Amino acid sequence: MRLDIQGLRAFAVLSVIIYHVAPLRLPGGFIGVDIFFVMSGYLIISSIVENIEEKKFSFQSFYNRRLSRL
């Protein structure tokens, strides 16, 4: 488990929560959603690149993993 990713995730979630509880305290709290989307994209692309380098990538397994996360 990467602590840097976990720290960013915590920051993103907390900023959204604070924004919803007290919007005047953190008016830009919705930026946490953007951070979360960027992190997700980074992790997904990293996984794809790793699988391609190991010659294990397939669209079927990729989409099966995405569907199982929903």
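**View 1. Helix H2 (31-53) is part of what covers the buried residues of helix H1.** Before going on, a word about what you're looking at: this is a predicted model, where local features need pLDDT of at least 70 and side-chain atom pairs count only at pLDDT 80 or more, while totals for chains, interfaces and linings use all residues. Residues are numbered from 1 along each chain as its sequence is written, and side-chain values use heavy atoms, with hydrogens and water left out. Helices here are DSSP runs (H or I, at least four residues), numbered from the N terminus. So which residues of H1 are buried? They are Ile-5, Ala-12 and Ser-15, where buried means under 20% relative accessible area, exposed means over 50%, and partly exposed is in between (1.4 Å probe, protein chains only). These three sit on the same side of H1, because they cover an arc of only 95° around the axis; that arc is taken from the directions from the helix axis to the C-beta atoms. Flip to the other side of H1 and you'll find Leu-3 and Val-21, which are exposed. It helps to remember that an α-helix has 3.6 residues a turn, so residues three or four places apart point the same way.

**View 2. Zoom in on Ala-12, a residue of helix H1.** Ala-12 counts as buried because its relative accessible area is 2%. What does Ala-12 touch, not counting residues up to four places away in sequence? Its partners are Gly-32, Ile-35 and Phe-36, with contact meaning heavy atoms within 4.5 Å. Take Phe-36: along the sequence, it and Ala-12 are 24 residues apart, yet in space their C-alpha atoms are 6.2 Å apart.

**View 3. A nonpolar patch lies on the surface, made of Val-13, Leu-14, Ile-17, Ile-18, Val-21 and Phe-36.** Together these residues have about 530 Å² of accessible area, worked out by the Shrake-Rupley method with a 1.4 Å probe, where for residues only the protein chains shown count as cover. To join a patch, a residue needs over 30% relative accessible area and no salt bridge; nonpolar side chains (Val, Leu, Ile, Met, Phe, Trp, Tyr) are joined within 5 Å, and like charges within 9 Å. Which helix gives the most to this patch? That's H1 (residues 3-21), with five residues. One of the patch members, Ile-17, lies in H1 and is partly exposed because its relative accessibility is 45%.

**View 4. Here are helices H1 and H2 from end to end, for checking their lengths.** H1 has 19 residues and reaches 26 Å from its first C-alpha to its last, close to the expected 27 Å. The expected span is 1.5 Å times one less than the number of residues. For H2, the 23 residues should span 33 Å, and the end C-alpha atoms are indeed 33 Å apart, so the two agree.

**View 5. The buried residues of H2 pack against H1 and helix H3 (59-69).** On H2, the buried ones are Gly-32, Met-39, Ile-48 and Asn-51. Let's pick out Asn-51, which sits in H2 and counts as buried because its relative accessibility is 12%. Leaving aside neighbours within four places in sequence, Asn-51 is in contact with Lys-56, Phe-57 and Arg-65.

**View 6. Lys-55 is found in the loop between H2 and H3.** What is the phi of Lys-55, just after H2? It takes a positive value of about 55°, and this is in a residue other than glycine. Lys-55 counts as exposed because its relative accessible area is 75%.

**View 7. The structure holds two salt bridges.** A salt bridge is a side-chain nitrogen of Lys or Arg within 4 Å of a carboxyl oxygen of Asp or Glu. In one of them, the side chains of Arg-2 and Asp-4 meet at 2.7 Å, N to O. Arg-2 is partly exposed, at 42% relative accessible area, and Asp-4 is partly exposed too, at 43%. Glu-54 and Lys-56 also meet in a salt bridge, at 3.0 Å, N to O. Is Lys-56 buried or exposed? Lys-56 is exposed, with a relative accessible area of 53%, whereas Glu-54 is partly exposed at 41%.

Terms used
Helix = DSSP H or I, 4+ residues; strand = E, 2+ residues; numbered from the N terminus.
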